[in-house]
Amino acid sequence: MPAQGQITAAALGVDYAALSPLLILFVGAIVSVLVETVLPHHRRRPVQLVLTLAVVVLALVAVILRATSGATDVVVLAGALSVDAPSLFLWGTLLALAIPSVLLLADRSIEAGGVFLPDPEALAAARDRVGALATGGSDAGRGATGGSRGGSSSGEGGPAPEMHTEVFPFVLFALLGMLAFCASNDLITMFVALEVLSLPLYLLCGLARRRRLLSQEAAVKYFLLGAFASAFFIYGVALLYGYAGSVRLSDIAAAAAGPLRSDTLLFGGLALIVVGLMFKGSVGPFHTWTPDVYQGAPTPVTAFMAACTKVAAFGAILRVFTVAFGTTALEWRGVLWAVAIASMVIGTVLGLTQTDLKRMVAYSSVAHAGFLLIGCLAITPAGLSGTLFYLLAYGFTTIAILGLVSLVRSGDGEAGHLSGFAGLGQRSPVVAGSLSFCLLALAGVPLTSGFTAKFAVFSAGLADGLAPLVIVGLVCSAIAAFFYLRVIVLMYFSDPAPDGPTVSLPGPLTTVAITLGVAVTLLLGVLPTAALEWAGAGNFLG
Amino acid sequence: MSALVIVLVLLPLVGAVVCGVLVKGGRDAAAKSLGFGVSLVELVAVAVVWGLFDPAAPTRFQGESSVEWIPAFGVSFSLGLDGIALAMVALLAVLVPTVIAYTSFTQAAERFPDGPDGEPRGAGGFVALMLSLQGVLVALFAATDVFVFYVMFEVMLVPMYFIIGRFGGARRQYAAVKFFLYSFLGGLIMLGSVIGIYVASGTRLGQATFDWAELQRLAAQLPESTQIFLFLGFFAAFAIKAPLVPLHTWLPDAGAQAPIGGGVILVGVLDKVGVFGFLRYCLPLFPLASQTLAPLVLVLSVIGVLYGALLAAMQTDMKRFVSYTSIAHFGFIGLGIFAFSQQAIAGSALYMVNHGISTAMLFLVVGMLASRGGSTRIADYGGVGRIAPVLAGLFLLAGLTTLSLPGTNSFVSEFLVLLGSWPRQPVYTVIATVGIIFAALYVLWVYQRTMTGPLRGEAVVGGGPGAASARALAGGPGFSETLDPPDGTSTTKARFGDLSGREIGVLAPLVLLVFLLGFFPQPLLDVINPAVAATMSEVGVADPVGPNGVAR
Amino acid sequence: MNPLPPPGTPGYTQALIADDPLWLTIIKVVAVFALLIFMTLFMIWLERKVVGRMQQRPGPNWNGPFGLLQSLADGLKLAFKEDIRPVLADKVVFFIAPVLSTIPAFVAFAVIPLGPEVSIFGYRTALQVADLPVGILVVLACSSIGVYGIVLAGWASGSPYPLLGSLRSAAQVISYELALGISIIGVVLYAGSLSTADIVSAQQNGWYIWLLPVSFIVFAVSMVGETNRAPFDLPEAESELVGGFHTEYSSLKFALFFLAEYVNMVTLSAVATTLFLGGWMAPWPLSLIPGVNEGWLPVVWFISKMFVFLFVYIWLRGTLPRQRYDQFMRLGWKVLIPVSLVWLIAIAVLRVLRNQFGTISAPVVLMIGAAVLVVAIVVALMLPDRASDEDEDAAEPPVVGNYPVPPLDLTVPASPPRRRRAVSSGPAGPSKETAAVGTGQKEDA
Amino acid sequence: MPGSTGLTAYIPLIVMFVLAAGFAVFSVTSAPFIGPRRYNRAKLDSYECGIEPSPQPVVGGGRVPVAYYLTAMMFILFDVELVFLYPYVLNIDALGLFGLAAVLVFLVPILIAYAYEWRRGGLDWS
Amino acid sequence: MSPTNYLLLSALLFAIGTVGVLVRRNAIVVFMCVELMLNATNLSLVTFSRINGNLDGQVMALFVIVVAAAEVVVGLSIIMAIFRTRRTASVDDANLLKY
């Protein structure tokens with residue numbers, strides 16, 4: 001074969017420095033699978049935990065180094081990925097959010113063996129040990145932990161049974177997909193990344209140890225609807241390919257700006273792509289999976305999913321809107337106004353009627369998706385930085401909330417129902433205080449990150465002429481405040497039910513995760529400057 | 001002086017944190033004492049600031065300081081006091097120690113709802129919340145950055161929410177949530193305008209900013225249509241907070257369910273934020289819109305005067321009664337502000353202070369009565385004057401200052417408002433004057449029903465709900481007074497007696513202020529007037545009243 | 001029409017065949033069809049005869065000379081048997097299944113080159129029905145589609161044995177197809193083309209059986225698995241499944257399955273010949289004779305090579321017992337696939353390295369390949385069969401709590417002896433604990 | 001160019017298909033007419049070695065053991081792998097070292113996953 | 001034959017798949033409908049590739065195939081997990097979905 005056909009790394013634009021976070025995650029995920037393969041069962045969890053955290057931290061360090069080094073924005077891998085300032089911010093956000101998520105996933109203090117399907121034999125063995133101990137007269141110790149009957153939430157009956165450690169490689173792969181998703185510079189890469197991030201999440205959803213059927217049903221639901229949405233996405237990609245002859249975002253923009261072509265293909269493709277993206281971001285009328293999945297999935301997974309998926313999805317939405325369709329914004333923005341309004345209204349109104357805290361968080365996430373969409377629709381640098389900041393703020397708050405929710409437990413697992421939170425302020429002031437704080441952050445009370453974020457997004461929206469959307473957003477925020485307040489009211493002003501759920505003492509992992517979430521929520525509320533500056537550091541690279 | 005202003009903000013906040021820690025450690029008594037001490041120190045500090053304040057200074061704000069906060073949004077943490085703000089801060093500084101003293105140290109301190117252990121909640125937590133509220137409010141009044149003002153506007157809801165929700169009456173949850181939601185909704189609407197003016201400043205000044213002075217300069221450039229939208233956003237929040245009539249429904253609930261101390265601050269100071277906002281933000285920032293929309297506000301204010309008075313007269317609950325009187329008074333203040341004359345505005349500003357004092361006094365007296373009888377229903381009391389003459393006398397005094405009897409503090413302000421409003425808005429002024437008559441009616445009627453006549457009412461003589469607290473107060477003067485009716489068929493024995501020394505001590509400073517400001521309001525007016533004059537010039541309306549007090 | 005590329009270069013045959021008029025195509029198709037039918041009949045006879053000889057008995061010897069017409073007689077007899085369709089069967093699918101399994105068997109043979117360029121009625125053409133740029137993929141595709149016939153046959157019968165047989169068959173075919181596909185990749189790598197004619201012409205200087213011995217072995221083994229032939233005839237294992245997927249079939253439908261199986265054998269033998277034995281080219285000593293690879297003669301070479309494979313088929317059936325299913329799957333998944341994958345990686349790496357860094361002689365290639373293979377196999381064998389029982393999920397505990405769960409026939413693990421003693425000894429106290437532990441067992445699920 | 005003949009190269013395949021299909025369909029359709037028809041209830045039941053058939057739920061509704069699903073899933077994964085290998089080996093010389101590296105990056109994770117599957121007993125037929 | 005016809009066919013298949021997903025309640029059938037949608041997309045991609053005269057579309061179709069395969073694997077494993085929990089291997093019971 002002639003030599004001119006030779007393809008090299010340089011020709012394809014493999015910039016290892018720019019790609020290093022992705023490469024670290026990829027190698028980490030592979031090694032993680034190897035660990036699963038090679039190590040015996042009882043040694044996997046600590047190794048996996050350390051490995052996963054190390055990989056995530058390393059990738060985060062790589063992102064930060066890249067961001068602070070002032071390296072120029074590049075398009076790498078033959079135009080597949082764009083490593084620009086927003087990408088780096090999103091990557092940093094995702095990786096930072098991944099740390100508390102992983103900690104929550106790995107925790108075993110709340111439930112013996114963690115929330116994931118443990119090995120049944122180890123479980124049986126642990127149960128036997130607990131049983132034997134109970135006979136030995138240590139029942140008082142277990143009685144003290146409250147209503148947690150049996151060995152379910154007390155680990156003192158010997159080493160706790162092991163968890164399914166596959167969650168760690170799943171998380172790493174999902175993260176890899178998310179990173180690629182929000183940095184993809186062409187639609188097919190975006191599609192593949194979408195799947196890489198989705199597939200592990202589908203599986204993670206179905207791994208709950210308790211209420212397994214609910215969890216698995218959530219997984220099926222998430223999977224089928226997710227596959228449905230990604231089918232829409234790829235059909236949209238096909239149409240846009242037909243329109244522009246290329247799936248690179250910048251080429252689509254160029255084609256749209258060029259001579260007249262079939263608008264049917266352009267806007268049909270855009271609509272279908274938007275359906276897929278909105279689904280992932282659980283926006284508006286495409287949210288149907290959100291409540292069920294949030295509720296059914298194991299809570300740490302819900303935390304990971306709620307925080308990180310949203311970041312990735314909105315990162316991609318921002319990029320698609322700005323880079324590929326920025327030139328035609330005037331023509332399609334009206335439709336998305338409706339979507340944003342629908343999302344805000346649906347999230348708030350249905351959120352009012354929820355009695356399960358996780359479902360409530362789900363609907364709240366739908367409402368927040370609407371707010372985020374305001375920032376995305378303002379195709380300005382302010383909109384971009386506002387949305388980015390919002391994602392960071394929202395992610396940490398959500399993780400903290402879900403981490404706190406996982407602490408409140410009744411005899412058969414988490415007490416998701418609102419009534420379980422009655423009087424929490426008296427029984428566990430710290431948990432109740434943190435939860436209140438985070439809920440206020442979701443409501444957008446000043447001095448929390450939620451306020452700063454909302455302010456950033458709304459001001460960007462207003463500056464770009466989205467005044468009606470901003471007004472709807474403000475009204476919805478006010479209505480939504482009602483259901484956040486209801487929880488606070490329950491916690492502080494109601495008397496606890498005598499046989500109500502107990503609050504587990506979180507182990508170090510969960511404690512760190514929750515503390516991180518609350519601290520960032522406060523920090524971004526009081527001193528948001530650094531994050532805001534990073535978020536506004538630059539624009540997309542076409 | 002700027003350092004002192006910062007101290008004014010930080011001192012109560014630090015005190016609140018320390019008190020909170022003490023309460024957590026179970027040292028309720030220490031928390032109460034410390035809190036009281038902190039509030040006294042704050043009072044002294046305010047006095048020093050007052051002393052340093054120069055009414056003749058050329059600048060609008062004094063003691064200014066500014067720290068960069070969020071440069072990305074052009075936000076800096078800027079503080080500075082003008083006369084009106086200083087008056088409000090001073091009012092707050094007087095009321096907070098009074099309230100803390102009342103709540104913590106008087107025998108009649110109200111019984112807070114039960115805590116988790118079945119015991120009533122101690123007052124330490126209340127004190128901590130009160131101090132934090134004070135800190136936030138001082139920052140709010142002193143803010144010279146719209147963003148900081150907005151943040152404080154929302155944040156002040158949180159301690160108040162917990163004061164009502166944790167320490168309030170039977171329906172405290174409902175009231176607390178209603179209070180929070182109304183205010184929060186208003187705040188969010190205001191947020192829309194805050195963002196709007198921020199964006200407008202970005203497009204017109206080239207650099208988006210929140211600095212009050214910059215935005216005031218912007219006012220000249222903004223077209224009226226924009227001004228109206230932005231004005232309405234601010235107005236909605238302030239009207240809810242003030243409250244103006246259609247948006248007032250949260251106040252009677254909150255006022256009635258809040259603990260007495262909370263009610264004092266809520267009605268006395270916190271609600272003043274609304275009218276303060278009119279003066280500080282609506283008028284200077286949106287002068288054209290203010291003038292265009294003045295009739296709207298005037299109509300609402302006058303309706304408030306009459307409606308509040310009528311409803312006050314019809315109340316059966318004393319705390320709700322106090323709340324409704326306040327609604328009427330806020331109507332007067334609104335009228336004064338939007339009459340656009342030097343006298344009226346000064347009168348309104350003065351009214352803000354005076355109303356705080358008189359309402360506080362009324363609330364405290366009601367609280368003292370209620371702690372004896374265990375009820376706040378008017379119908380549960382009768383002939384209290386016989387067994388508790390001091391209480392009755394102070395109740396009467398509080399009532400008289402509420403109805404603005406000449407010689408009391410409120411008279412001066414009300415007179416100024418009416419005098420200043422007359423030349424520009426004679427119709428509204430006349431209608432509002434009718435409100436004065438109503439005021440006399442409702443105050444005296446309530447006094448007559450509860451304080452005069454023979455001993456009667458469940459709370460006074462029967463086995464009413466206050467039996468337990470009455471026992472605690474046994475031994476007070478007049479407790480054992482027995483009245484033998486002429487026919488000798490029955491013996492009526494009151495269950496409680498007159499005010500204790502401490503209670504009188506709590507009320508004494510307020511009584512002093514009532515008369516001091518009633519006869520000698522000039523020092524306060526001296527402080528207020530420059531700010532009022534500045535506001536007038538910012539609105540750009542000629543003063544219809546000449547320097548000699550005669551209409552041009 | 002495109003100008004013909006020079007003979008011997010890739011694509012020559014394609015261009016040649018593309019010029020065929022339709023009548024010539026039809027003639028070729030009919031000829032190939034007839035050849036396959038004939039081969040089937042002959043193979044049945046041959047199989048019975050050879051197996052008979054191996055078992056010291058004469059085999060069919062009644063119909064025609066040496067019993068040669070035995071298969072024909074059998075086929076005719078089948079045609080006159082009753083056509084039964086069970087009541088539970090799915091009517092349409094039961095009808096379609098045999099058709100579906102027959103067609104691909106024939107179609108796959110269309111891409112096999114039987115000989116070089118010849119002249120038929122004055123037309124220059126190649127002895128091949130169709131030469132496609134993706135020729136070898138057609139073979140793979142057809143063998144995959146054939147599975148549908150089997151699966152649907154089992155499914156549509158509405159009967160347990162056929163269903164199990166069809167499932168087994170499907171699992172078997174797909175398992176072995178992987179190894180088959182990977183081994184073909186080796187050939188494609190060296191030939192540089194997917195066209196069968198090009199692959200044959202690429203073997204002018206040496207058959208791939210010598211160059212790619214591992215691929216050949218894997219292919220040969222997978223081939224037997226693909227065709228469901230002994231010792232891998234598990235889908236029709238008479239002793240276990242009565243007859244597998246075609247239990248419920250009778251008459252000509254059954255005959256079609258039978259036909260398809262034998263045609264598949266013939267086809268795969270032809271493919272193996274094409275890929276590894278140089279197709280229609282004469283074997284080594286004969287190839288020295290000039291002219292031996294021209295004209296119609298190569299057909300002879302091709303068919304004789306094919307018969308080598310076919311004989312091995314029969315030989316296997318005559319000598320080897322049927323494998324157990326788990327053994328069979330293990331061979332496929334744990335030996336053939338990893339071996340062929342590692343082998344493929346090895347030859348790809350060598351190929352690239354040789355291109356980049358000069359030549360490496362073929363023996364070295366072979367040696368390295370063999371070494372890698374040995375290492376791979378050793379590693380594979382050293383891995384324990386199963387990590388341990390710890391990952392077994394069979395004993396999953398029941399589902400918790402208040403979520404409605406269908407009643408499950410689960411056994412609660414027996415209480416450990418110590419506690420049982422405690423229960424029996426203490427009348428009041430321990431019984432409470434037992435209750436607690438009991439609920440714990442339920443909730444821990 | 002090999003592909004220049006376009007779809008005409010497939011005509012022989014279609015002819016072959018038609019012939020085979022004709023033959024098969026003819027066989028299947030003619031069978032009922034050629035053969036005898038002798039009704040017997042037992043003949044129409046599903047065959048279970050002569051014993052009375054146990055009631056079957058529906059057509060093809062038999063239970064499919066889980067292991068078959070597992071095999072199917074594994075097949076899909078590896079088959080897709082093959083899809084990528086065919087184009088690669090055809091262009092192996094043009095793609096050079098980088099192509100090899102890329103393919104190895106593709107293959108090694110698959111092999112690791114395969115090892116994982118192996119260790120976890122996914123390849124054992126139970 | 002005009003390539004537009006292929007596009008129409010693809011749109012039709014996609015629509016059929018969409019309707020199937022929305023109408024059917026059996027997890028496996030829904031899943032198959034999704035696969036149908038993906039394959040309809042492939043048809044579009046290849047057709048557009050022909051129309052546009054570049055090979056990107058065909059490459060994308062390959063990607064889609066791979067993704068579809070991965071989806072199949074994940075989907076089947078989730079469905080299998082449900083069957084295991086419910087102690088049944090029958091596909092017919094996969095009627096959990098009531099969305």
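This tour moves through a predicted model, one selection at a time.

**Stop 1: chain B**

Select chain B and colour by secondary structure. Chain B has 23 helices and four strands. Now think about burial. Of the 552 residues in chain B, 64% are buried. Next, look at who touches whom. Take the contacts in chain B between residues at least 6 apart in sequence: 79% of them join residues at least 24 apart.

**Stop 2: a covered helix in chain A**

Select residues 289-296 of chain A. This is helix α12. Is α12(A) mostly covered or mostly open? It is mostly covered, with six of its eight residues buried. Show the side chains of the buried residues: W289(A), T290(A), P291(A), V293(A), Y294(A) and G296(A).

What covers these buried residues of α12(A)? Add the following helices of chain A to your selection, which are among the elements that do so:

- α8, residues 187-205
- α9, residues 212-244
- α11, residues 263-280
- α13, residues 299-324
- α15, residues 357-377

**Stop 3: chain E and its marked spans**

Move to chain E. An unreviewed UniProt entry places the feature "transmembrane region" at residues 6-23, 28-48 and 60-83 of this chain. Select residues 6-23 of chain E. That span is 100% helix and 0% strand, and its end C-alpha atoms lie 25 Å apart. Now select residues 28-48 of chain E. Here too the chain is 100% helix and 0% strand. The end C-alpha atoms of this span are 30 Å apart.

**Stop 4: where chain E meets chain A**

Keep chain E and bring back chain A. The contact takes 41 residues from chain E and 32 residues from chain A. Together the two chains bury about 3,100 Å², with 82% of that area on carbon and sulfur atoms. Pick out F48(E), M60(E) and I78(E). These three supply 17% of the area that chain E buries against chain A, more than any other three residues.

How many salt bridges are there between chain E and chain A? The count is zero. Polar contacts do occur: the rule finds seven residue pairs across this interface, both residues at pLDDT 80 or more.

Which elements of chain E give two or more residues to the side that touches chain A? They are α1 (3-23), α2 (27-52) and α3 (56-85). Colour α3(E) in particular, as it gives the most, with 15 residues. By class, this side of chain E has 26 nonpolar, eleven polar and four charged residues.

**Stop 5: where chain D meets chain C**

Hide the rest and show chains C and D. Here 70 residues of chain D are in contact with 98 residues of chain C. The pair buries about 7,300 Å² between them, 78% of it on carbon and sulfur atoms. In chain D, the residues that lose the most area to chain C are M16(D), Y86(D) and W118(D). Together they account for 10% of what that side buries.

The rule finds one salt bridge across this interface. Zoom in on R351(C) and D93(D). They form a salt bridge, and their closest N and O atoms are 2.9 Å apart. There are also four residue pairs in polar contact across the interface, both at pLDDT 80 or more.

Finally, colour the helices of chain D. The elements giving two or more residues to the side that touches chain C are α1 (11-34), α2 (41-44), α3 (66-90) and α4 (92-119). Of these, α1(D) gives the most, with 19 residues. This side of chain D has 47 nonpolar, twelve polar and eleven charged residues.

Technical notes: Residues numbered from 1 in each chain as written. Chains lettered and ligands numbered in written order. Heavy atoms only, no water. Contact = heavy atoms within 4.5 Å. Buried area = accessible area lost by both parts, 1.4 Å probe. Salt bridge = Lys/Arg side-chain N within 4 Å of Asp/Glu carboxyl O. Polar contact = N/O pair within 3.5 Å; in protein donor to acceptor, adjacent residues only side chain to side chain. Nonpolar A, V, L, I, M, F, W, Y, C, P; charged D, E, K, R; others polar. UniProt positions renumbered as here; feature names shortened; annotations may be inferred. Buried < 20%, exposed > 50% of the residue type's maximum accessible area, 1.4 Å probe, protein only.
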